[in-house]
Amino acid sequence: MSKHAISHRADQQQKPGWIEHCKKAKQSGTKISALDDLTNIIGYDPRLLKVSPRTLKMWAREVGIEFKPGRPKK
C-alpha cells in the first residue's frame, strides 16, 4: 500500500520528466558540474524547483551525471 501512495506523490510523478531532461543534457555534451547547470537548461517542468535540490541531484545521478563536490564559489 505504501508503494502505491509514494508513486502518486507529485514529486514522484515529475521524476520521469527530470530523468529525461538529464539524459538530454548529458547527451548534448553540456558541462554539468552543479545543479544550476541543469536548471539553467530550458525544457523541464518548472514545478520541479519545489523538489529539494538533494532529491534532484540524486535523480540526476541515476542517469550518470556527477556533480562537482563542495559548495559553489560565489
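# Exercises on a four-helix chain

Gln14 has its place in helix α2, and the exercises below start from that residue. The model is predicted, so treat each value as computed from the model.

**Exercise 1. Decide whether Gln14 is buried or exposed, and find which residues it touches.**

Step 1. Begin with the cut-off: a residue is buried when its relative accessible area is under 20%.
Step 2. Gln14 has a relative accessibility of 11%, so it counts as buried.
Step 3. Now look for its partners, leaving out residues up to four places away in sequence: Gln14 touches Asp45, Arg47, Leu48 and Val51.

**Exercise 2. Work out the overall layout of the chain.**

Step 1. Count the elements: there are 4 helices and 0 strands.
Step 2. Read them along the sequence, and the pattern is α-α-α-α.
Step 3. Turn to burial: 28% of the 74 residues count as buried.
Step 4. For the surface, the chain exposes about 5800 Å², with carbon and sulfur atoms supplying 54% of that area.
Step 5. Finally, take the contacts between residues at least 6 apart in sequence; 52% of these join residues at least 24 apart.

**Exercise 3. Characterise the aromatic pair in the structure.**

Step 1. A search for aromatic pairs finds 1 in the structure.
Step 2. A pair of aromatic rings is described by the distance of the centres and the angle of the planes.
Step 3. For Trp18 and Tyr44 the centres are 5.8 Å apart and the planes make an angle of 85 degrees. Planes over 60 degrees apart count as edge-to-face, and this pair is edge-to-face.
Step 4. Place the partners in the chain: Trp18 sits in helix α2, while Tyr44 belongs to the loop between α3 and α4. With their positions 26 residues apart, the pair links distant parts of the chain.
Step 5. Check burial: both Trp18 and Tyr44 are buried.

**Exercise 4. Find which members of the largest nonpolar core touch the most other members.**

Step 1. The largest nonpolar core has 16 residues, and Trp18 and Leu38 touch the most other members.
Step 2. Ask where the core residues come from: α2, α3 and α4 each supply at least two, and the largest share, 4 residues, comes from α2.
Step 3. List the contacts of Trp18, setting aside neighbours within four places in sequence: Leu35, Leu38, Thr39, Tyr44, Leu48, Leu56, Trp59 and Ala60.

**Exercise 5. Explain why the buried residues of helix α4 line one face.**

Step 1. Helix α4 spans residues 53–62, and its buried residues are Thr55, Leu56, Trp59 and Ala60.
Step 2. Viewed down the axis of α4, these residues fall within an arc of 135 degrees, so they line one face of the helix.
Step 3. Their packing partners are α2 (10–27) and α3 (35–39).
Step 4. Move just past the end of α4, where Gly64 takes a positive phi of about 105 degrees.

**Exercise 6. Trace how Leu35 and Lys57 relate to Phe67.**

Step 1. Leu35 lies in helix α3 and, at 11% relative accessibility, counts as buried.
Step 2. Leaving out residues up to four places away in sequence, Leu35 touches Trp18, Pro53, Leu56, Lys57 and Phe67.
Step 3. Leu35 and Phe67 are 32 residues apart along the chain, yet their C-alpha atoms are separated by 7.5 Å.
Step 4. Lys57 lies over the face of Phe67, at 5.9 Å from the ring centre.

Technical notes:
Residues numbered from 1 in each chain as written. Predicted model: local features only at pLDDT ≥ 70, side-chain atom pairs only at ≥ 80, totals over all residues. Heavy atoms only, no water. Buried < 20%, exposed > 50% of the residue type's maximum accessible area, 1.4 Å probe, protein only. Arc of directions from axis to C-beta. Contact = heavy atoms within 4.5 Å. Phe/Tyr/Trp six-rings, centres within 6.5 Å; stacked < 30°, edge-to-face > 60°. Lys NZ or Arg CZ within 6 Å of the ring centre and 35° of its normal. Areas by Shrake-Rupley, 256 points an atom, 1.4 Å probe, with all protein chains shown as cover. Core = buried A, V, L, I, M, F, W, Y, C linked by side-chain atoms within 4.5 Å.
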